[in-house]
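Thanks for coming. I will put the structure on the screen and then walk through a handful of places in it.

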Amino acid sequence: MSDFLDTPPEPPPRNGDLVLATGRFLRFVVRDGWEFADRIGITGIVGLVAVTDERRLLLVEQSRPPVGGPVLELPAGLVGDQEGAAGEDLTAGAQRELREETGYEASNWTLLATGPVSPGTTSEMLTLLLATGLRRVGPGGGSGTESLVVHEMPLDAAEAWLRARERAGSIIDLKVFAGVYFARRAGL
C-alpha cells in the first residue's frame, strides 16, 4: 500500500475546550462558543469512487437513523477504527472497506481530494479515493451489524439513475455526485 496516504492520528482536545461527552468515535466539544463533534480513535475517513473495468460505478445503500431511512452512498468508512488497527493507513482501510461493503478489491488507488464533511458540526475530514482495477472477491453487503445493498450502474447513466431514485423518494448522499464528477474528470 502507498504511504502517501498516511494520516496522523486525531489530536487531543485543545486547551480551553469544554468536552461535553465522549463516545467510542465522537467527542462532543465546545470551542470558542462553538459546539461540534470531534472525530477520535481513527486515522482517517475514506470515501471510495469505485469504477469497474466495464465503467460501472459502485454505490451502497444502507439505513441511516439520523436522516430517517436508507441512503445511497459511495462505499466509505473509518480507517484505524478496528481492534489492532491503530495507525492503519488510508489505502489499507480503503481496501478493507471496499471489500467489506462491495465484495471488490482494487489494484489501483488514486487520491482525488481531502476536505471537511460538514465543517459547522464536525471535525471529520474525508479523503476521496478513486478505486480502479477492480475484481470481485466476495459478496459485499457489509460486516458485523451492517446491512448494505450494493448497486452497480453504468457511469454514463449514473446521474439519470440517481435522479430517478430521488424522484422515487430515495435519499442520496451529495458525495455521490462528487464521485461521479471526479470519475468523469479522471477520464472514465
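Which elements supply at least two residues each to the lining of the largest pocket? They are strand 4 (44-50), strand 5 (56-64), strand 6 (69-73), strand 7 (76-79), helix 1 (90-102) and strand 11 (171-172). Please keep in mind that this is a predicted model. Helix 1 gives the largest share of that lining, 4 residues. In total, 39 residues line the pocket, and its volume is about 1200 Å³. If you want to centre your view, R39, Q62, R64, E73 and E124 are the lining residues that lie nearest the centre of the pocket. By type, the lining divides into 14 nonpolar, 12 polar and 13 charged residues.

Next, helix 1 itself. How far apart should its ends be? Helix 1 has 13 residues, and at 1.5 Å a residue the expected span is 18 Å. The C-alpha atoms at its ends are 17 Å apart, so the model agrees with that expectation. The helix is mostly covered, with 11 of its 13 residues buried. The buried set is L90, T91, G93, A94, Q95, R96, E97, L98, E100, E101 and T102. You will notice that R96, E97, E100 and E101 are in that set. What covers these buried residues includes strand 4, strand 5 and strand 7, each of which also supplies at least two residues of the pocket lining. The cover also includes strand 8 (104-116), strand 9 (125-136) and strand 10 (149-154).

Now to the aromatic rings. The structure holds 1 aromatic pair. It is formed by Y181 and F182, with 5.2 Å from centre to centre and 65 degrees between the planes. Because the angle is over 60 degrees, the pair counts as edge-to-face. Are the two partners buried or exposed? Y181 has a relative accessible area of 47%, so Y181 is partly exposed. F182, at 13%, is buried. F182 is also one of the buried residues of helix 3 (residues 175-185), along with V176, F177, G179, V180 and A183. Just after helix 3 comes G187, which takes a positive phi of about 90 degrees.

That brings me to backbone angles. Two residues other than glycine also have a positive phi: D32, near 55 degrees, and R55, at about 65 degrees. Where do they sit? D32 is found in the loop between strand 2 and strand 3 (34-39), and R55 lies in the loop between strand 4 and strand 5. D32 has a relative accessible area of 81%, over the 50% cut-off, so D32 is exposed. R55 is at 31%, between the 20% and 50% limits, and therefore counts as partly exposed.

Last, a residue in strand 2 (residues 26-31), namely V30. V30 has a relative accessible area of 17%, which is under 20%, so V30 is buried. What does V30 touch, leaving out residues up to four places away in sequence? The contacts are G16, D17, L18, L20 and E35. V19 is 11 residues from V30 along the chain, and their C-alpha atoms are separated by 6.5 Å.

That is the end of my part.

Methods. Residues numbered from 1 in each chain as written. Predicted model: local features only at pLDDT ≥ 70, side-chain atom pairs only at ≥ 80, totals over all residues. Heavy atoms only, no water. 1 Å grid on protein atoms, 1.4 Å probe; cavity = no way out; pocket = protein on both sides within 12 Å on 5 of 7 lines; lining within 4 Å. Points joined across faces, edges and corners; volume = space filled by probe spheres on them. Nonpolar A, V, L, I, M, F, W, Y, C, P; charged D, E, K, R; others polar. Buried < 20%, exposed > 50% of the residue type's maximum accessible area, 1.4 Å probe, protein only. Contact = heavy atoms within 4.5 Å. Phe/Tyr/Trp six-rings, centres within 6.5 Å; stacked < 30°, edge-to-face > 60°. Expected span 1.5 Å × (residues − 1).
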